[in-house]
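Please open the model in a viewer and keep the selection tool at hand. The tour below proceeds one selection at a time.

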Amino acid sequence: MNSLHRTAIISIIIVYLVIFAGGIVRMTGSGMGCPDWPKCFGFLIPPTDRSQLNWKSNFDYNKNQIIIIDEKLFYANNSFKSKDKFESLNWSKYTKHDYSKFNVYHTWIEYINRLIGALAGLSVLILFLSSLKFIKTKKIITGLSFLALIAILFQAWLGKTVVDSNLTANTITVHMLMAIVLLLLLFSILAFSNIKKMRFKISKNISLLVLLSIGLLLIQIITGTEVRKFIDIKMEIFNYVDKEKWMENITSTFSFHRSFSWSIIIVNSIIYYRALQIGLKSRLINTVNFLIFLQIITGIIMYYFYFPFTSQPVHLLISTLIIGIQFYFLLLYNISNNATKT
């Protein structure tokens with residue numbers, strides 16, 4: 001295994017950690033734990049107590065540091081030392097949104113999510129730098145690595161947009177889809193840096209079925225974000241207590257999301273059967289089928305046990321894992337077949 005291949009694997013693992021952490025953030029309602037971006041209440045290391053966000057006399061404030069006054073956010077216009085009395089000229093009201101609560105658990109859950117995101121950015125940067133040595137021999141690897149770097153920078157900007165919008169559903173969905181685009185780029189790099197040659201040539205029918213499965217999974221993820229929005233609203237209405245009422249009056253999107261999973265099961269059963277017909281015993285296909293089974297189990301757990309802790313993040317993580325593995329499978333066999341022809 002060459003160093004680029006290893007770095008691509010590490011980058012993929014970290015991006016999946018970001019997706020899982022993002023699921024934890026949403027499930028715990030911690031998305032606004034840090035009301036600003038990229039800092040948290042204007043701090044590099046966020047506060048651990050509400051008192052740290054009170055105005056203080058004779059205190060050194062940094063530019064953009066945030067305080068809470070009368071349940072409203074204010075940020076320092078410049079770095080300065082406060083006097084005995086509050087001077088409004090040194091402060092401006094934070095107007096990007098009006099969320100001004102402080103919950104130490106929410107703040108640190110969101111902060112850890114951002115730290116993992118920063119680690120993912122660093123990993124992708126290292127991957128791009130490593131790819132430069134292939135700029136003459138395998139330009140596609142360098143090109144894909146550059147696109148992955150652009151994608152993660154764009155993803156960081158989307159993260160800021162999500163916070164500034166006070167977690168609107170559309171921005172969260174776009175943020176999630178961009179993470180999948182990043183994963184597909186990273187899996188592409190992984191496939192092109194793979195030195196193994198596949199013994200089997202997969203048929204065009206299997207390739208189309210795998211593409212269909214990926215498309216169906218993307219639909220599931222998009223409808224899943226709408227389901228999550230529905231549950232989030234119900235949780236807030238019933239104060240996270242009356243769990244039985246969360247599932248009352250479910251929407252058509254909820255029913256569609258649940259029933260649509262059968263299409264994924266059927267398509268992947270056909271893929272498995274077609275692979276057996278040509279004698280292809282692929283660990284990737286077996287892994288996908290096992291993950292689909294786990295996906296069904298987590299779905300059942302969420303529905304009948306009222307979304308226990310980590311069930312939703314695991315459910316989302318499995319979906320993105322299936323997409324990544326299937327895309328890698330598709331590229332790996334097709335790249336190998338084309339190389340053999342050449």
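What follows is a series of stops, from the whole chain to single residues. The model is a predicted one.

**The whole chain**

Begin with a cartoon view of the entire protein. Eight helices and five strands are present. Read from the N terminus, their order is α-β-β-β-β-β-α-α-α-α-α-α-α. The C-alpha trace extends over about 80 × 55 × 25 Å along its principal axes. The protein has 342 residues, of which 45% count as buried. Among contacts with a separation of 6 or more, 71% are between residues 24 or more positions apart.

**The nonpolar cores**

Next, select I19, L186, F187, I189 and F329, the residues with the most contacts inside the largest nonpolar core, which has 64 residues. Colour the elements that give two or more residues to this core: α1 (3-27), α2 (104-131), α3 (139-164), α4 (169-192), α5 (204-237), α6, α7 and α8. Helix α8 provides the largest share, 13 residues. A second core, separate from this one, consists of 11 residues, including L53, I66, I68 and L73.

Return to L186 and display its surroundings. Not counting residues up to four places away in sequence, L186 touches A8, S11, I12, V15, V124, L127 and A148.

**Two stops on helix α8**

Select T320, which is located in helix α8. Is T320 buried or exposed? T320 counts as buried because its relative accessibility is 1%, below the 20% limit for that class. Once neighbours within four places in sequence are left aside, the contacts of T320 are Y16, I19, M176, I180, L183 and I221. One of these, I19, also appears among the residues with the most contacts inside the largest core.

Now move to H315, likewise placed in helix α8. H315 is buried as well, at a relative accessible area of 15%. Show the side chains of H315 and T298: a polar contact of 2.7 Å joins them. Beyond neighbours within four places in sequence, H315 is in contact with H257, Q295, T298, G299 and M302.

**The cavity**

Rolling a probe the size of a water molecule over the atoms shows where empty space is left. How many cavities of 30 Å³ or more does the structure hold? It holds one. The volume of the largest cavity is about 70 Å³.

To see its walls, select V210, N268, I271, L284, I285, V288, N289, I325, Q326 and F329. At least two lining residues come from each of α6 (252-277), α7 (283-304) and α8 (311-341). Which helix supplies the largest share of the lining? That helix is α7, with four residues. By class, seven lining residues are nonpolar and three are polar, and no charged residue is present. F329, one of the lining residues, is also among the residues with the most contacts inside the largest nonpolar core.

**A residue of the cavity wall**

Finish with N268, a residue of helix α6 that lines the largest cavity. N268 counts as buried, at 2% relative accessibility. Select V288 together with N268: 20 residues separate them in sequence, and their C-alpha atoms are 8.3 Å apart in space. Apart from neighbours within four places in sequence, N268 is in contact with S213, V288, N289, I292 and Q326. Among these contacts, V288, N289 and Q326 also line the largest cavity.

Note on methods
Residues numbered from 1 in each chain as written. Heavy atoms only, no water. 1 Å grid on protein atoms, 1.4 Å probe; cavity = no way out; pocket = protein on both sides within 12 Å on 5 of 7 lines; lining within 4 Å. Points joined across faces, edges and corners; volume = space filled by probe spheres on them. Nonpolar A, V, L, I, M, F, W, Y, C, P; charged D, E, K, R; others polar. Buried < 20%, exposed > 50% of the residue type's maximum accessible area, 1.4 Å probe, protein only. Polar contact = N/O pair within 3.5 Å; in protein donor to acceptor, adjacent residues only side chain to side chain. Contact = heavy atoms within 4.5 Å. Core = buried A, V, L, I, M, F, W, Y, C linked by side-chain atoms within 4.5 Å.
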